[in-house]
Amino acid sequence: MRSFNAFLDRAVGRDLACGLLFSGIALVGFINVSGNTMLMNTLGRGPDPGPALLPLTVLSFMLLGGSLLLLKGLAGWALHSRRTAEQTPPQNNVPFGRHTHAVALFVSLLALPSVVTSLGFLPATWLFATPWLIWLEYRRCHRLRRALLLGIMTAALLSLALYLIFITLLGVAL
Amino acid sequence: MLIDSFLTSLLATLASPWGLMLAVLGTLLGIVLGALPGVSSTMALAILLPLSFGMDPAFAILFLLCVFVASVYGGSISAILINIPGTPGAIVTQLDGHPLARAGRAKEALVYALIASSVGGVIGLALLVVTAPMLASIAMRFKSPEFTAIAVFGLVLLAYASPGSTVRGLLVGAVGLLCGMVGFDALTDVSRFTFDTRGLQGGIELVPLCVGLFGLAEVLRNLHGSHRATPEFDMQSTQLPLPNLRTIAGRWASMLRGSFIGAFVGAIPAAGSAIAVAIAYAQEMRFSRHPERFGHGAVEGVVGPEAANSSSIGGTLIPMMTLGVPGDAITAVLMGSLLIHGLRPGPMLFAENPGFVSSLYAGFFLALLLTLVIGLLLMRWLPWVLRIPSHTLLIGIALLCVVGAYAIRSSMADVYIMLFFGAVGYVLYLLSLPAAPLAFGLILGPLLEENLRRSLLLGRGSWEVFLHSPIAMGLFGLSLLAIILPLLAPLWVRLGNDIKRVRMH
């Protein structure tokens, strides 16, 4: 995982990753457009270029740009590997742990809508916020009792504030 | 006529207790969020955007303008006190603001920043009021080919000015264009990029995209470092009496210079406040009799950039109001609010909804006035905001993003779209790609496609229709130049160096 971070931190790695990303999006787009017969049938019919023209133009541009970035990355990689074979390898000093919080928060947020549907807004948001606030407070102060107390109270206040603003005041049906 | 409708709108807002309350609330939230490190003006606006859905369009834009204007000033509080700019526009303020605070002159620096912000804001507003109707009347003569070219030029320019390379910015913009095509085509009713998912059939709304891209992605980015304590600062120096008015007025030249620079630079699509403040700072240094003081607590180093930062708001609103092209990421979010209320910014807004345009001017003026009044009244307590633990704020914002995305259409699909773009924003950050062109692409995509197809229909399928429009050809030429220039610039530099080397030998 450390090497993944070091890879992204290097310009060569970024070029390769960006190239793959844009080429990948373009390929998925092309497959989707070409598989849509209704859309493809609109091409070249009368003066209106149809709804397929712009998607195909944008996808072609994206594929070209992505491929060029990929080529640039591959060329840089080839040069880089030749150089590193002669010199000592670089230190991978960026910890992967910097992404764990982001990934964990994202996953818990993905689960939140279904918890809200089954438990209701107030308990679900409180259940979401409490462990997060306890953990983040503990990480800051390293005192468990303080983290527990502050986490539970702040989560309750946050959930209540959001409930009052969105559900009571703005009438959002949650 | 213009002053009459402006005054009527201003008085109507002042006479409405609900409108006034929203304006005060927006200003307070804007100052607090702007002051918090890690919460940019764009993020503040994106997370508060869903609150404005249930409001009348005039009140919604008033609330958001108050957040926008106040957050710009709020950004200078953390820049001065803890040397961390709250917003990108305050990046230069910290250079001299923080040394002033360390020298026990924090209150003085905060007051200078506030007054300069207010003066700059008024000048930016004046430029907007004077130039926007003129530009709109010119733009009203534009037809589909010109609007196609404007959309292309806007997209290229916005990608050009984004951090990183132009090509990468353009590719992110292209992803935004594709996002704008999701759903049913308005003319033929053929579906595009829906992947047989019902949630995508209605298309991708700008608001969940902005909330995810500028709100949630920032939370994901900042969460790892949220355990770090806020740097300490001398609270005593923020509790001193206000400096006298004559001393403040003595800085009029710096305020005016900064204001004009900010307003004109801000009016260039994509130039934004960060470029405006850098130019204003450089100019202040050039005009100063003691340039050596810059970086060590020169008051002009705070006044000029802060005036430029605030005046650029008026400037960035010009392309948005007159051409429907967002001036920067913040105006893109603001456009989202207008679109959700059925108001399409552009020249037709002046013809079809002049009352709304006047209420926007009045709202902007009120936002400046309230920022000045609330800023002065609460200056003693505002530094306490910096004591709010960042992790509490980040979890609160994450929840706000989810609830806010749902509140748009009471649809869970919008929540998942917001979460998706939050993840996309984080991936873009990891790859050092600019996120803003994605929003620009989504805004300009429908404008581009609609006008491109209409142009070709007018030209009976022939692309020659563009050749007959000198404005369109000029804009296409400039777009091409903006793409080619960054590719050729390194070659040009290398050629110059080679020539120099040959001459030396």
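## A tour of chains A and B

Begin by selecting chain A and colouring it by secondary structure: this chain comes to 7 helices and 0 strands, and, when it is read along the sequence, the pattern is α-α-α-α-α-α-α. Keep in mind throughout that what is on the screen is a predicted model.

With chain A still selected, colour by burial, and you will find that buried residues make up 29% of its 174 residues. If you then display the contacts within chain A between residues at least 6 apart in sequence, 62% of these join residues at least 24 apart.

Next, split the chain by its domain assignment, making one selection of residues 2–86 for domain 1 of chain A and another of residues 97–169 for domain 2 of chain A. A distance drawn between the C-alpha centres of these two domains comes to 38 Å.

Within the second of these selections, go to helix α5 of chain A, where A:A111 has its place. Is A:A111 buried or exposed? A:A111 is exposed, because 11 other C-beta atoms lie within 10 Å, and a residue with 12 or fewer such neighbours is classed as exposed. From A:A111, draw a line to A:G66: the two residues are 45 apart in sequence, and their C-alpha atoms are 33 Å apart in space.

Now bring chain B into view and select the contact between the two chains, to which chain A gives 49 residues and chain B gives 50 residues. On the side of chain A that touches chain B, the elements giving two or more residues are α2 (11–35), α3 (37–40), α4 (53–86), α5 (100–119), α6 (121–141) and α7 (144–169) of chain A. Colouring that side of chain A by residue class shows 34 nonpolar, 9 polar and 6 charged residues.

Finally, move to chain B and select helix α15, residues 329–340, in which B:M335 is found. B:M335 counts as buried because 24 C-beta neighbours lie inside 10 Å, where the class begins at 20 or more. Which residues should be shown around B:M335, once its neighbours within four places in sequence are left aside? Select B:M320, B:P326, B:P345 and B:I443, with which B:M335 is in contact. As a last step, extend the view from B:M335 to B:P291, which is 44 residues away in sequence and, C-alpha to C-alpha, 41 Å away in space.

How values were computed
Residues are numbered from 1 along each chain as its sequence is written. Chains are lettered from A and ligands numbered from 1 in the order in which they are written. This is a predicted model: local features need pLDDT of at least 70, side-chain atom pairs count only at pLDDT 80 or more; totals for chains, interfaces and linings use all residues. Two residues are in contact if their C-beta atoms, placed from the backbone, lie within 7 Å. Helices (H or I, at least four residues) and strands (E, at least two) are DSSP runs, numbered from the N terminus. Ala, Val, Leu, Ile, Met, Phe, Trp, Tyr, Cys and Pro count as nonpolar, Asp, Glu, Lys and Arg as charged, and the others, Gly among them, as polar. Domain bounds come from an automatic or database domain assignment.
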